[in-house]
Amino acid sequence: MLIIDDGSTDESAQVITDAQRRLDIQISYTYQHNQGPSAARNRGIAQANGVLVAFLDADDVWLPQKLTQQTAHLVQNPMAGAAVCRAQYILEPHVPWPTNVNRAHCEQSPPCFFPSALIVRTEVFKQVGIFNPDIRIGEDTDWIMRARDAGIDIVIVQEILLQRRFHEHNLSLTATETRSELFGLIRTSLKRRTQAAK
């Protein structure tokens, strides 16, 4: 297990040390000054030595069977480069529903295409590239779009295997740039597809 601490100011390092001792698991912990989610994920990708890479953001919770079920789907679909799953959205107490998130859609536990729902064959990063460190909001959407534009097949596991927490400090939920960033990513994706079709 790799943990990349992107400049946290809490007691994360001590919590990880205690967990490693208590649970008797091997954890590789890396601290870096805050550089954003892309840089943290890219550092994890660079340090990984397995054939699959899975991400877990601090906001989210994997259900116990997540890795087993997603790995099984990739084994059954050898041409697929990645797999995602459905997610249950959890609203923290006293936190209003985010105005930029479709509540009716989320309450259906839809398939999710953000990093905590994703498991990727390591070789795919050689084709698609890593996360763009210049993008602070929507970097995960950018990567998914680049993967699809590159023809990467992404399997959707229909089970709910992830809990996504909404709280007052979610970066993607508090940022005012989210919508304009998304439109920019869509335009870039359309340009890639147009150029590929020529």
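pLDDT is the predictor's confidence in each residue, on a scale from 0 to 100. What you have open is a predicted model, so colour it by that score before anything else. The protein averages a pLDDT of 88, and 92% of the residues score at least 70. Now look for the two extremes among the elements: β7 has the highest mean, 98, while helix α7 (residues 171–174) has the lowest, 51.

**Stop one: helix α3**

Select residues 66–76, which make up α3, and show side chains. Lys66, Gln70 and Leu74 are its buried residues. Look down the helix axis: those buried residues fall within an arc of 55 degrees, so they line one face of α3. Why would such a spacing put side chains on one side? An α-helix has 3.6 residues a turn, so residues three or four places apart point the same way.

Flip to the face turned away from the buried side, and you'll find exposed residues there: Thr68, Val75 and Gln76. Then turn back and see what covers the buried ones. The cover includes β3 (52–54), β4 (60–62), β5 (82–91), β7 (119–121) and β8 (154–166).

**Stop two: the aromatics**

Next, show the rings of Phe, Tyr and Trp. There are six aromatic pairs to find. Start with Phe55 and Phe125, an edge-to-face pair with centres 6.4 Å apart and 85 degrees between the planes. Phe55 is in the loop between β3 and β4, and Phe125 is in helix α5 (residues 124–128), so this pair ties together parts that are 70 residues apart in sequence. Both Phe55 and Phe125 are buried.

Move on to Tyr89 and Phe166. Here the arrangement is tilted, at 5.4 Å centre to centre and 50 degrees between the planes. Tyr89 belongs to strand β5 and Phe166 to strand β8, so the pair links parts that are 77 residues apart in sequence. Are these two buried or exposed? Tyr89 has 18% relative accessibility and counts as buried because the cut-off is under 20%. Phe166 is buried too, with a relative accessible area of 2%.

Now go back to Phe55 and Phe125 and add Phe131 and Trp143 to the selection: the four form one aromatic cluster.

**Stop three: arginines over rings**

Keep Phe131 on screen and add Arg41. The charged end of Arg41 sits over the Phe131 ring, 5.4 Å from its centre. For a second example, select Arg148 and Phe113. Arg148 lies over the face of Phe113, at 4.6 Å from the ring centre.

Conventions. Residues are numbered from 1 along each chain as its sequence is written. This is a predicted model: local features need pLDDT of at least 70, side-chain atom pairs count only at pLDDT 80 or more; totals for chains, interfaces and linings use all residues. Side-chain values use heavy atoms; hydrogens and water are left out. Buried means under 20% relative accessible area, exposed over 50%, partly exposed in between (1.4 Å probe, protein chains only). Helices (H or I, at least four residues) and strands (E, at least two) are DSSP runs, numbered from the N terminus. The arc is that of the directions from the helix axis to the C-beta atoms. Contact means heavy atoms within 4.5 Å. Rings of Phe, Tyr and Trp (its six-membered ring) pair if their centres lie within 6.5 Å; planes under 30 degrees apart count as stacked, over 60 as edge-to-face and the rest as tilted. A charge sits over a ring if NZ of Lys or CZ of Arg is within 6 Å of the ring centre and within 35 degrees of the ring normal.
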